[in-house]
Amino acid sequence: MSNKVSLVVGGVVVIAAVAAGAYYFNHQEGKAPEAMKTATAPMAPRNFAYDAMPVGITLQPLGTPQGYGAQRLLFPVRREIVYADSKGLTLYTYDKDAPGKSNCTADCAQTWVPAAPLANAKSAGEWTIVARDDGSKQWAINGKPVYTFVKDKEGGDVGGAASGGGGMMGYGSAAVTGGALPEGWHTALFVTGTVPVTPHVTPPLGIAIKEVTDANAVVFIDSRSMSIYAYDGSVDDDKLTCGTAAAPASCTNRFLPLAAPQMAHPGGDWSLISRKDGIEQWAYKGQPLYTYDADLTVGDVNGIGVDKRWHVAAVQSYFMPANVVIRNNPGRGRILATPTGMTLYRRDATAWSNSARQLVHDIPYRPRVGRMIRDKQCDAECQKVWHPYMAPNDAQPVGYWGVAMLPDGKKAWTYKDFVLFTYDGDKKAGDMIGDGIYDLVVSEDPNKVNDVGFPMQGPASLFWTFASL
């Protein structure tokens, strides 16, 4: 398959073939570059973690997506992540509610609609199901009942206004950050900045918690914001030749003890271990904690799968479908794949840009774009080689995962509101041959809006990219 460039000249669309990936890393169809090959180790289990959300509770990132150009960003800044219902609508809390009891009734409940649990939903983590005065059920987080707002129309809306990807991408794009909320009403926040609002874990000085995308979880981080790992075994195990500060030089990757400061005060689930090498090491719930010296930047979790005794020290885990696995790609991060290792893809729309696709995870997810292009992203001809990745008939949205109804009544998985696909051009586990295949629309009129499901000024494109976490 070659890529296509559509040139609009005098109202006539002229299609020219372009070598696949000519603009992207010199990627050539039929060849998998060495840097793109995917390791076979699946993600290891996580310690301390519980499911962050029950069925029917989802996540929506908010931000101010912009087009490219002076002082504009091509991708959204995830300033906040809010909890949302099964349709992706933002959830809110109300100051006048009592713990476990809603005081928003009658006319109030017509505007602020109680968030009802799905039929098969059960409490999980901070989420409980409470009874309303009329006998109906409603979700509550930390005892606070949650609601949707009648003026919100789609995921990412706040206070009846768009946030997180509405409007036109490209030059002159306007930022919309959501509407003002009436006094007493607040978005039900999951993350603000990079700091989770929940769970209620109080780590000692020098340790914090953070959503780490590649871990698919909320994890402990050290004072450098590097991921922390927990060890399932004795801290003085003589066999840990590459797991101690005194490891031999032949060990190129080591798990290093998480040293506590001299005046550290243990308490609660936090304790100190006096090691034979003289290090006072932090432990959580009795398990010694480490960092990994091959984690080079914030968000790295390269220690996953290196040794089955070490796991990311996570305190909240995210839902993963049973028929999706996470594979490690050294150059591109954690990538979603089928159980047999075949890469999963998403199709995105953007103003044409080379540099943005050089990011480790490619173009960051813009959920509103995923929803907007859904009906135009892959027609019958396209689906001869690109196939929606099927979900079970009883699949329900949870966390970043949702379902898209196909014309035949079946369901396909969506991740952060992008439908996932497999590609026939991939022949073996780890292939990413579909990455970078695109359709480009260029108009002779620089002021013309090109609509590929998402209206854009300037050159517009639909391109395929691997689905990363």
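Let me begin with Cys104, which is buried, with a relative accessible area of 0%, in what I should say at once is a predicted model. Its partner is Cys108, and the two form a disulfide with their sulfur atoms 1.9 Å apart. Cys108 counts as partly exposed, at 22% relative accessibility, so this one bridge joins a buried residue to a partly exposed one. The rotation about the S-S bond is -105 degrees, which makes the link of Cys104 and Cys108 left-handed.

How many disulfides are there by the distance rule? The count comes to 2, and the other one is formed by Cys378 and Cys382, whose sulfur atoms are 1.9 Å apart. The torsion about the S-S bond of Cys378 and Cys382 is about -95 degrees, and therefore this disulfide is left-handed. Here Cys378 is buried, with a relative accessible area of 10%, and Cys382, at 14% relative accessibility, counts as buried too.

Let me turn to the strands. E29, residues 401-405, pairs with E30, residues 411-415, in the antiparallel sense over 5 bridges, and Met405 of the one stands opposite Lys411 in E30. The two strands form a hairpin with 5 residues between them, and in that turn Gly409 has a positive phi of about 90 degrees.

This hairpin also carries aromatic residues, and to place them I should mention that the structure holds 33 aromatic pairs. One of them is Trp401 with Trp413, an edge-to-face pair at 5.8 Å centre to centre, with 85 degrees between the planes. This pair links distant parts of the chain, since Trp401 is in strand E29 and Trp413 is in strand E30, 12 residues apart. Both residues are buried, Trp401 with a relative accessible area of 2% and Trp413 with 3%. Trp401 also pairs with Tyr415: the ring centres are 4.8 Å apart and the planes stand at 50 degrees, so this pair is tilted. Again distant parts of the chain are linked, with Trp401 in E29 and Tyr415 in E30, 14 residues apart, and Tyr415 counts as buried at 2% relative accessibility.

Which cluster do these rings belong to? Trp401, Trp413 and Tyr415 are part of one aromatic cluster, whose members also include Tyr83, Trp127, Trp139, Tyr400 and Phe418. Two of those rings have a charge over them: the charged end of Lys416 sits over the ring of Tyr400, 4.7 Å from its centre, and the charged end of Arg346 sits over the ring of Phe418, 5.0 Å from its centre.

Just after E30, in the loop between that strand and strand E31, residues 418-419, we find Asp417. Most residues other than glycine have a negative phi, yet Asp417 has a positive phi of about 75 degrees although it is not a glycine. At 17% relative accessibility, Asp417 counts as buried.

Another residue with this backbone feature is Asn142, which is not a glycine and has a positive phi of about 50 degrees. Asn142 lies in the loop between E9 and strand E10, residues 144-145, and is it buried, exposed or partly exposed? At 41% relative accessibility, Asn142 counts as partly exposed.

The strands on either side of that loop belong to an open sheet of 3 strands, in the order E8-E9-E10, with antiparallel pairing. Its edge strands are E8, residues 127-131, and E10, each of which pairs on one side only. E8 and E9 run antiparallel and are joined by 5 bridges, with Val130 standing opposite Gln138 in E9.

Let me close with the core. The largest nonpolar core has 57 residues, of which Tyr83, Trp127, Phe220, Leu289, Leu336 and Leu420 touch the most other members. Among the elements that give two or more residues to this core are E9 (137-141) and E30.

Phe220 and Leu289 appear again around Trp270, which is in contact with both of them and, among others, with Pro203, Ile207, Trp282 and Tyr284. Trp270 is in strand E19, residues 270-274, and is buried, with a relative accessible area of 6%. Lastly, Trp270 and Pro288 are 18 residues apart in sequence and 9.9 Å apart in space, C-alpha to C-alpha.

Note on methods. Residues are numbered from 1 along each chain as its sequence is written. This is a predicted model: local features need pLDDT of at least 70, side-chain atom pairs count only at pLDDT 80 or more; totals for chains, interfaces and linings use all residues. Side-chain values use heavy atoms; hydrogens and water are left out. A nonpolar core is a set of buried Ala, Val, Leu, Ile, Met, Phe, Trp, Tyr and Cys residues joined through side-chain atoms within 4.5 Å. Buried means under 20% relative accessible area, exposed over 50%, partly exposed in between (1.4 Å probe, protein chains only). Helices (H or I, at least four residues) and strands (E, at least two) are DSSP runs, numbered from the N terminus. Two strands pair if DSSP finds at least two bridges between them. A disulfide is a pair of cysteine sulfur atoms within 2.5 Å. Contact means heavy atoms within 4.5 Å. Rings of Phe, Tyr and Trp (its six-membered ring) pair if their centres lie within 6.5 Å; planes under 30 degrees apart count as stacked, over 60 as edge-to-face and the rest as tilted. A charge sits over a ring if NZ of Lys or CZ of Arg is within 6 Å of the ring centre and within 35 degrees of the ring normal. Lists of a residue's contacts leave out its neighbours within four places in sequence.
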